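Biologist: Hello! Please take a close look at a single part of this model for me: the largest nonpolar core, along with the pieces of chain around it. I would like the terms explained as you go.

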Amino acid sequence: METVLRFLERRTKATNLALGILLMATVGALDFMTGREPHIHFFYLLPIALVSWFVESRAAIGMALACAVVWTVVGKVGERSYSSSLIEIWNFLMRAGILLTVAVALSQLRSKLDQISELASRDFLTGLPNGRAFYELAAREMDRAFGLEPIALAYIDVEGFKWINHRFGYVTGDQMLCAIAHTIRKNAPRADLVGRIGGTAFAVLLPNTEPEGARFVLEKMQGALREERRRYAQPVTFFISAIACAKAPRSVAELMNEAESRMTRMKSGNHDALEIATVESLLPVN
């Protein structure tokens with residue numbers, strides 16, 4: 001079941017909607033073939049659940065109404081007669097009501113879970129993806145590019161916030177940290193691949209980027225950060241350690257560990273530093 005859910009999560013909404021329509025047609029055909037005695041009406045909930053969970057609420061409502069129509073039409077074609085046309089109308093309304101209730105309930109539940117997941121994956125101060133969310137986003141990007149495309153990862157750390165917090169208070173420090181986060185995100189090629197790893201540390205993934213391209217992006221980012229520092233007139237220091245691979249490795253942890261280890265050596269100085277290490281590949285050697 002978990003494998004099926006992961007498969008559906010990776011499909012587009014249009015694909016899942018098409019799967020829902022196909023599933024509804026299949027259930028309708030089975031309902032017709034089984035005749036009057038075996039009841040499989042419960043299975044009309046399957047396409048509704050699929051569309052409610054993986055598409056959107058409007059599509060789910062449409063699917064619920066479509067299933068109610070198919071259910072009624074199959075019964076009529078299968079010669080399931082009623083003593084009065086009012087009973088037939090009543091039964092349709094009851095079916096539609098039940099299926100619509102399920103569709104709306106599942107859609108609202110998925111919406112609430114998505115909101116909770118979004119809150120859990122965001123850094124409350126800067127609004128950037130937190131460490132766990134960044135690793136997940138980067139992992140998906142690297143799975144796609146594994147062994148095929150160049151990739152770079154920049155680890156950015158900022159020194160000097162302890163002095164700012166003690167002298168001017170944590171509010172000033174938080175404001176400057178948010179400004180730095182905004183500057184990093186603004187100057188990254190893809191804002192969705194910037195994360196706050198923790199404290200004053202940030203990470204930026206640069207997919208399909210050669211070392212020269214990574215240097216251009218990071219030098220521009222470093223210049224923007226220095227401008228932000230001048231605006232706040234605070235003595236912070238920016239350290240940027242980047243790893244550029246000719247071929248994307250399998251794990252983002254490999255890039256992060258390499259960048260962090262180099263960052264430790266860089267921070268022995270008191271001046272801004274930018275280092276980009278070019279690695280042919282971090283792929284395991286067979």
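Modeller: Happy to help; here is a walk through that core, then its helices, and then some residues at its edges.

A word on the source first: this is a predicted model, in which local features need pLDDT of at least 70 and side-chain atom pairs count only at pLDDT 80 or more, while totals for chains, interfaces and linings use all residues. Residues are numbered from 1 along each chain as its sequence is written, and side-chain values use heavy atoms, with hydrogens and water left out.

Let us begin at the core itself. A nonpolar core here is a set of buried Ala, Val, Leu, Ile, Met, Phe, Trp, Tyr and Cys residues joined through side-chain atoms within 4.5 Å. Buried means under 20% relative accessible area, exposed means over 50%, and partly exposed lies in between (1.4 Å probe, protein chains only). The largest core has 29 residues, and the members that touch the most others are Ile-180, Ile-184, Phe-202, Val-204, Leu-218 and Met-221. At least two core residues come from each of strand E1 (151-159), helix H7 (161-168), helix H8 (170-187), strand E3 (201-207), helix H9, strand E4 (237-247) and strand E5 (273-281). These elements are DSSP runs numbered from the N terminus: helices are H or I with at least four residues, strands E with at least two.

Take Ile-180 as a viewpoint. Leaving aside neighbours within four places in sequence, Ile-180 is in contact (heavy atoms within 4.5 Å) with Val-158, Phe-161, Phe-202, Leu-225 and Phe-238. There is also a second, separate core, with 24 residues, and Leu-153, Ala-201, Ile-243 and Ala-248 are among them.

Now to the helices that feed the largest core. H7 and H8 have axes 7 Å apart and pack at an angle of about 140 degrees. The axes are lines fitted to C-alpha atoms, for helices over the stretch in contact, and the angles run from 0 to 180 degrees between N-to-C directions. Angles under 35 degrees count as roughly parallel, over 145 as roughly antiparallel, 65 to 115 as roughly perpendicular and the rest as oblique. H7 and H8 are therefore oblique to each other. On the H7 side of the contact are Phe-161, Ile-164, Asn-165 and Phe-168, while H8 brings Tyr-170, Thr-172, Gly-173, Met-176, Leu-177 and Ile-180. Sorted by class, this contact has 7 nonpolar, 3 polar and no charged residues. In that sorting, Ala, Val, Leu, Ile, Met, Phe, Trp, Tyr, Cys and Pro are nonpolar, Asp, Glu, Lys and Arg are charged, and the others, Gly among them, are polar.

H8 offers another residue to look at, Ala-179. With 12% relative accessibility, Ala-179 counts as buried. Apart from neighbours within four places in sequence, Ala-179 is in contact with Glu-228, Arg-231 and Tyr-232. Between Ala-179 and Arg-95, on the other hand, the C-alpha atoms are 55 Å apart, with their places 84 residues apart in sequence.

H9 comes next. Helix H9 covers residues 211-232, 22 residues in all, and spans 31 Å from first C-alpha to last, close to the 32 Å expected. The expected span is 1.5 Å times one less than the number of residues. Its buried residues are Pro-211, Ala-214, Val-217, Leu-218, Met-221, Gln-222, Ala-224, Leu-225, Glu-228 and Arg-229.

Both sides of H9 deserve a look at the backbone. Most residues other than glycine have a negative phi. Asn-208, in the loop between E3 and H9, has a positive phi near 50 degrees. Just after H9, Ala-233 also takes a positive phi, of about 55 degrees.

Finally, the edges. Lys-247 sits in strand E4 and, at 41% relative accessibility, counts as partly exposed. Lys-247 and Pro-150 are 97 residues apart in sequence, yet 4.5 Å apart in space, C-alpha to C-alpha. Gly-199, in the loop between strand E2 (194-198) and E3, is partly exposed too, with a relative accessible area of 47%. The C-alpha atoms of Gly-199 and Leu-177 are separated by 9.5 Å, and the two residues are 22 residues apart along the chain.
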